[in-house]
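Take a look at the protein below. Where might its surface open into pockets, and which aromatic rings meet?

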Amino acid sequence: MSDRFPIVVVQISDLHLGSQYHIPSLATRVVDEINELSPDAVVVTGDLTDMGFRQEFRAAKRLLSRIRVSRMMVLPGNHDARNVGDMHFEELFGARSNEIAFDGVRIVGLDSSEPDLDTGRVGRERYRWIEERFSEPDDFKIAALHHHLLPVPGTGRERNIVHDAGDLLRVLTNCGCDMVLCGHKHVPNVWRLEQMVVVNAGTACTYRLRGKAKACYNIVEIHEDRVKIVLKRPFDPPEIVADFPRASRTVQVPRSSLAMTSEEA
């Protein structure tokens, strides 16, 4: 692990370029805030576009290219898989599943999208690859995907967790995965499952919101002895929503944050 702490990873999700609900001023503000923060890595957990059209992907590429960061992982979502959008995604952003490793942190990105379907799947054919990527015991291990790994409060009838969520959970827990980053339903939430923390992101820059929720994104701070999850709404001050020691990974989520998540969803 690096001697420089904290290591900062920003998660943004559900940009929906091309949607009537996408707000360019919010997108610009998010980019400016990330550049001011100067994180070590940025993870984009899907739904860059609204309909998977080439012009939407090109707009997403222009937006994300403005983020000044040396490590960026971009994953597709269900909206990106519409209209053979995976072809444009691969051309502009590269492989749909990939990894980043730096300073003792390993982030493994998983494509959970299916062509023209809102539901998701990772697939047993990729389980061995995940196990190999997470084979180093001393890494801080983060998995990232678009679809929910666990149901999220305030999202109605839950139909959009990955179809193979149970098997994927087994693989990740057996690998000692520390954290999972998800997007999809535009509701921020933090779950603890044994020693693994599942963090959902809201939509970063749209008004496709539930209840009283606001656009937001996540900041993960990896300290030498603990990890903090920070919820950041554009223009608003940051709010710590989870704080847990790295050794035991027992999450301490402030009561106010849990109330915010369920009420604003």
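This report covers two pockets, a strand hairpin and a group of aromatic rings. The model is predicted.

**The pockets**

Rolling a probe the size of a water molecule over the atoms shows where empty space is left. Start with the largest pocket. Its volume is about 200 Å³. Its lining is made of 12 residues. Nearest the centre lie His184, Lys185, His186, Arg208 and Arg210. By class, this lining holds 1 nonpolar, 5 polar and 6 charged residues.

Now take the second largest pocket. Its volume is about 160 Å³. The residues lining the second largest pocket include Glu33, Leu37, Tyr217, Val230 and Pro238. Three elements each give two or more residues to this lining: α1 (24–37), β10 (217–222) and β11 (226–232). Which of the elements gives the largest share? That is α1, with 4 residues. The classes in this second lining are 7 nonpolar, no polar and 4 charged.

**The hairpin**

One of the lining elements, β11, also has a strand partner. β11 and β12 (residues 239–245) run antiparallel, joined by 6 bridges. One bridge pairs Val227 with Phe244 in β12. The two strands form a hairpin, with 6 residues between them. Phe235 sits in the turn and has a positive phi of about 80°.

**The aromatic rings**

How many aromatic pairs does the structure hold? There are 2. Here they are side by side.

| Pair | Type | Centre to centre | Angle between planes |
|---|---|---|---|
| Phe57 and Phe89 | edge-to-face | 6.3 Å | 75° |
| Phe89 and Phe93 | tilted | 5.4 Å | 35° |

Why is the Phe57 and Phe89 pair called edge-to-face? Its planes are 75° apart, and planes over 60 degrees apart count as edge-to-face. The angle for Phe89 and Phe93 is 35°. That is neither under 30 degrees nor over 60, so the pair counts as tilted.

Next, place the rings in the chain. Phe57 lies in helix α2 (residues 54–65) and Phe89 in helix α3 (residues 85–93), so this pair ties together parts that are 32 residues apart in sequence. Phe89 and Phe93 are both in helix α3. Being 4 residues apart there, they are separated by about one helical turn.

Are these rings buried or exposed? Phe57 and Phe89 are both buried. Phe93 is buried too. Together, Phe57, Phe89 and Phe93 form one aromatic cluster.

Technical notes
Residues numbered from 1 in each chain as written. Predicted model: local features only at pLDDT ≥ 70, side-chain atom pairs only at ≥ 80, totals over all residues. Heavy atoms only, no water. 1 Å grid on protein atoms, 1.4 Å probe; cavity = no way out; pocket = protein on both sides within 12 Å on 5 of 7 lines; lining within 4 Å. Points joined across faces, edges and corners; volume = space filled by probe spheres on them. Nonpolar A, V, L, I, M, F, W, Y, C, P; charged D, E, K, R; others polar. Pairing = 2+ DSSP bridges. Phe/Tyr/Trp six-rings, centres within 6.5 Å; stacked < 30°, edge-to-face > 60°. Buried < 20%, exposed > 50% of the residue type's maximum accessible area, 1.4 Å probe, protein only.
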